[in-house]
Number of protein chains: 2
Amino acid sequence: MSDVATSNARQLPAVLAHVDAGLDASLDRLFALLRIRSISADGAFADDCRRAARHLADEIAALGFAAEVRPTAGLPAIVATLPDRSAAAPHVLFYGHYDVQPVDPLELWRRPPFDPVIVDDPAGHKIIVARGAQDDKGQLMTFVEACRAWKEVTGALPLNVTILLEGEEEIGSKNFGPFLSAHKKDLAADYVLVCDTGMWDRQTPAITTSLRGLLYEEVRIKAANRDLHSGIYGGGAQNPIRILTRILGGLHDDDGRIAIPGFYDGVADLPPEILAQWSQLGLTPETFLKPIGLAIPAGEKGRLLIEQVSSRPTCDINGIVGGYTGEGSKTVIPAEASAKVSFRLVQGQDPERIRAAFRDFVSVRVPSDCKVEFIDHAAAPAIALDWQMKPLVAAKQALTEEWGKEAVLIGSGASIPIVADFKRTLGLDTVLIGFGLDDDNIHSPNEKYDLRSFHKGIRSWVRILAALAEAPKG
Amino acid sequence: MSDVATSNARQLPAVLAHVDAGLDASLDRLFALLRIRSISADGAFADDCRRAARHLADEIAALGFAAEVRPTAGLPAIVATLPDRSAAAPHVLFYGHYDVQPVDPLELWRRPPFDPVIVDDPAGHKIIVARGAQDDKGQLMTFVEACRAWKEVTGALPLNVTILLEGEEEIGSKNFGPFLSAHKKDLAADYVLVCDTGMWDRQTPAITTSLRGLLYEEVRIKAANRDLHSGIYGGGAQNPIRILTRILGGLHDDDGRIAIPGFYDGVADLPPEILAQWSQLGLTPETFLKPIGLAIPAGEKGRLLIEQVSSRPTCDINGIVGGYTGEGSKTVIPAEASAKVSFRLVQGQDPERIRAAFRDFVSVRVPSDCKVEFIDHAAAPAIALDWQMKPLVAAKQALTEEWGKEAVLIGSGASIPIVADFKRTLGLDTVLIGFGLDDDNIHSPNEKYDLRSFHKGIRSWVRILAALAEAPKG
């Protein structure tokens, strides 16, 4: 053990104690961030997003970082570097995002989404309720607060840290790849840390080693040049909702497989040993679907539920709208109808090929006197990480020590497109660690983050930073 | 010819001249009515609906009617009777509705929908633009203004008139049948006149002798107990939009026929002579679909376009909504999705049987861990009237004289459910005459009524009232 490592290990108890003592102040800082309505999907909140970026840059600058809000082609990013670096210590690039999902349907929130509170859930757990409480403001603040604790107790961090926060993760990070290219020099590091994933369950910490990719398309069908009266035109004029539902209703076959030609090209089955390991994890309809009021796995017939939600590609219609949707009835044939359709992709699927196949599937089904338009919202391939990577092994040990239970390596059904960008643009591998729980309602009304996730999340990063300072750089 | 009839015929030119001279004042009164936002489908406008009823009752009372606003289980109706009746003259019951359709999508209106104006259309026709300009405020005011002209010139109407106006036609007239039953005595008449239909074309007046029925259902599919993140749950949890689009996408088969078992039971083909007559009317894709930007008849294969839109039953999805429909993207699996679905029915179809068959069709396709709810918005059978009815023949002659072109008897694809109620409850036949044109954009943005329709509509009713005074009572 080097002197520095010995010193870090010696100081660890004091830093952890400082986290415990300062939890209320940490929560105050989190709440200030949660009050900012940084919804990236809706242009009406662009100023709020910029305010969130400014706010975070100021918080991080107070820790001794040179923190800058930098423009992208969309919402700004934050790059924060430590002026004094130790050449011997590893250099980590921490990534998080300050933008949040829209809040609709607003009427289903039990409290205003941007007025955070701590309440007891029905099982007696203390939870922080607000949009972004978990995804990703709560999670990114676990890292920032861990840095703060090291800094306040020891005057320095155990290793070199660059913090990189973006504001367009929830809308596909489309401007982030070019931003990485443009700021490559300032983002040099040994590897990336991302805090935007979950625990396996309430007791078991986890590191995520695979992520599904994402293709997100919007389809708009246009028929007549104006809305029509269904009594006068019904039966004679094309109805764009009829066209759209017929196309979308045909995206899955009777076995729950996606019916787009070529969709499964290149998709491999899980290796038998992984499948055997996953089938032991206890992800059943009873544990996974019952809490959300469902009972029957909806995916491909003949696949385990855990395959359906993490290793198999899927298609979901995330939104649809057309015609009269208000109270009561209106006998209208609308001029247009549209839907948002997304695909979770796995290893072997090329998002651009899937996009082309999807657009073909739709286009050939649109009558020749109608029109179809597509909007590209996101396209990112799936990611698989090396389970043997040294920093990952070190972080796993630190997590295990904090939670008193062996940390597991898991695959996630979700997508974090920038992980591919880090590899492609910066040449860096990523270690994904987070403290979310399945019932956190992210992207839904009443999003929450367990107070324990926040508190022990900060403590976990305190330990991980010390562990990574000692681990080989890659 | 009786003395009265002779007197009516002698006074006709003066009454018509009075209509011409008073057109500006008639328009002022129409505009005052059009400014009232009497949207029946949205409870937020209930006060406006009641204001429209009060306003019209006052207008009609000023003509010497005993006009009362009477409550129904929903929005109020108006019953207006003439105190002095001639036992010799026929007694007509005029029906119209003061409620209008919702105005969305508001952004497609070139002018505020409740701020009526007269402008030139691209072809140089003067048009009255406003929600309700035609359906039905403009149309019902042609009758009221015709009564006014007779009253102002001769001090009386040529025959006995009761005026009955309702406020829930656009939402299915559900409370109107019971209202008719309850006020049967006050509504005694020889037959009904309805002004809520159209001309055959700009030159050719028409009387509508058949109407399609209407069944209007709302379907709501409920899956998980909350909105879900499609990355975490995608592939494993049911998506209600997927269920809904799959069901709705299966409502029509590849030949455009409706796939609900039993849907066509009892539906007869048109008699060959009617089919031959209709095929001469020149309703082609070029004349009917091209003006609305379409080219290919969307209905059942092997049927004439005029059959598709007037004698065949149809199904349209009038609205659909679920998930995220705002700007940008959101990777959500919503908890529920819903659609409004309507059927135009023809002779031989029982709305209640079709409703049951539709609900079965949907219910068996909903996974057992999801729920479906239905809302009944309307159910009315189709109507076919006697082409030989004496008042109809007399009215046809009067229309022919006003327009200088033989009036035609036509079938309408639209539904006016109360016509069945008049027969069932009051035992009365109905003569349907109106001055709408196919391009009036009723139920759509930029609804209009040709100034010529309004002006010659009033003149037509002036003539029809005189003609009916001389015609046998049934």
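Biologist: What makes the relation of chain A to chain B that of a two-fold axis?

Modeller: In this predicted model, chain A can be laid on chain B with an RMSD of 0.1 Å by a turn of 180 degrees and a shift of 0.0 Å along the axis. Two copies of a chain are related by a rotation about an axis and a shift along it. Here the turn is 180 degrees and the shift is 0.0 Å, and that is the relation of a two-fold axis.

Biologist: How do you know that the copies meet through the same surface?

Modeller: We compare the interface residues: 100% of those in chain A are also interface residues in chain B, so the surface is the same. In numbers, 86 residues of chain A are in contact with 86 residues of chain B. Strand β11(A) gives the most to chain A's side, with nine residues. That side divides into 34 nonpolar, 37 polar and 15 charged residues.

Biologist: Why are β11(A) and β11(B) called paired strands?

Modeller: Pairing needs at least two bridges between the strands. β11(A) and β11(B) have five, in the antiparallel sense, so they count as paired. As one example, Ile320(A) has Gly322(B) as its bridge partner.

Biologist: What is the order of the strands in the open sheet?

Modeller: Eight strands follow one another as β14(A)-β9(A)-β13(A)-β11(A)-β11(B)-β13(B)-β9(B)-β14(B), with antiparallel pairing.

Biologist: And what makes β14 of chain A and β14 of chain B edge strands?

Modeller: Each has a single partner strand, so one side of each is left without a neighbour in the sheet. For β14(A), nine antiparallel bridges join it to β9(A). Among the residues involved, Tyr216(A) has Ala378(A) as its bridge partner. Across the sheet, neighbouring strands are turned by 20 degrees against each other on average, direction ignored.

Biologist: Let's turn to the helices. Why is α4(B) called oblique to α14(B)?

Modeller: Their axes come within 8 Å and cross at roughly 55 degrees. Roughly parallel would need an angle under 35 degrees, and roughly perpendicular one of 65 to 115, so an angle between those two ranges counts as oblique. That makes α4(B) oblique to α14(B). The crossing is right-handed.

Biologist: Which residues make the contact?

Modeller: On α4(B) they include Phe143(B), Ala146(B) and Trp150(B), and on α14(B) they include Phe454(B), Trp461(B) and Leu465(B). The residues of this contact divide into nine nonpolar, three polar and one charged.

Notes
Residues are numbered from 1 along each chain as its sequence is written. Chains are lettered from A and ligands numbered from 1 in the order in which they are written. This is a predicted model: local features need pLDDT of at least 70, side-chain atom pairs count only at pLDDT 80 or more; totals for chains, interfaces and linings use all residues. Axes are lines fitted to C-alpha atoms, for helices over the stretch in contact, and angles run from 0 to 180 degrees between N-to-C directions. Helices (H or I, at least four residues) and strands (E, at least two) are DSSP runs, numbered from the N terminus. Angles under 35 degrees count as roughly parallel, over 145 as roughly antiparallel, 65 to 115 as roughly perpendicular and the rest as oblique. A crossing is left-handed if the near helix is turned anticlockwise from the far one by less than a right angle, and right-handed if clockwise. Two residues are in contact if their C-beta atoms, placed from the backbone, lie within 7 Å. Ala, Val, Leu, Ile, Met, Phe, Trp, Tyr, Cys and Pro count as nonpolar, Asp, Glu, Lys and Arg as charged, and the others, Gly among them, as polar. Copies are superposed by least squares on the C-alpha atoms of residues with pLDDT of at least 70 in both.
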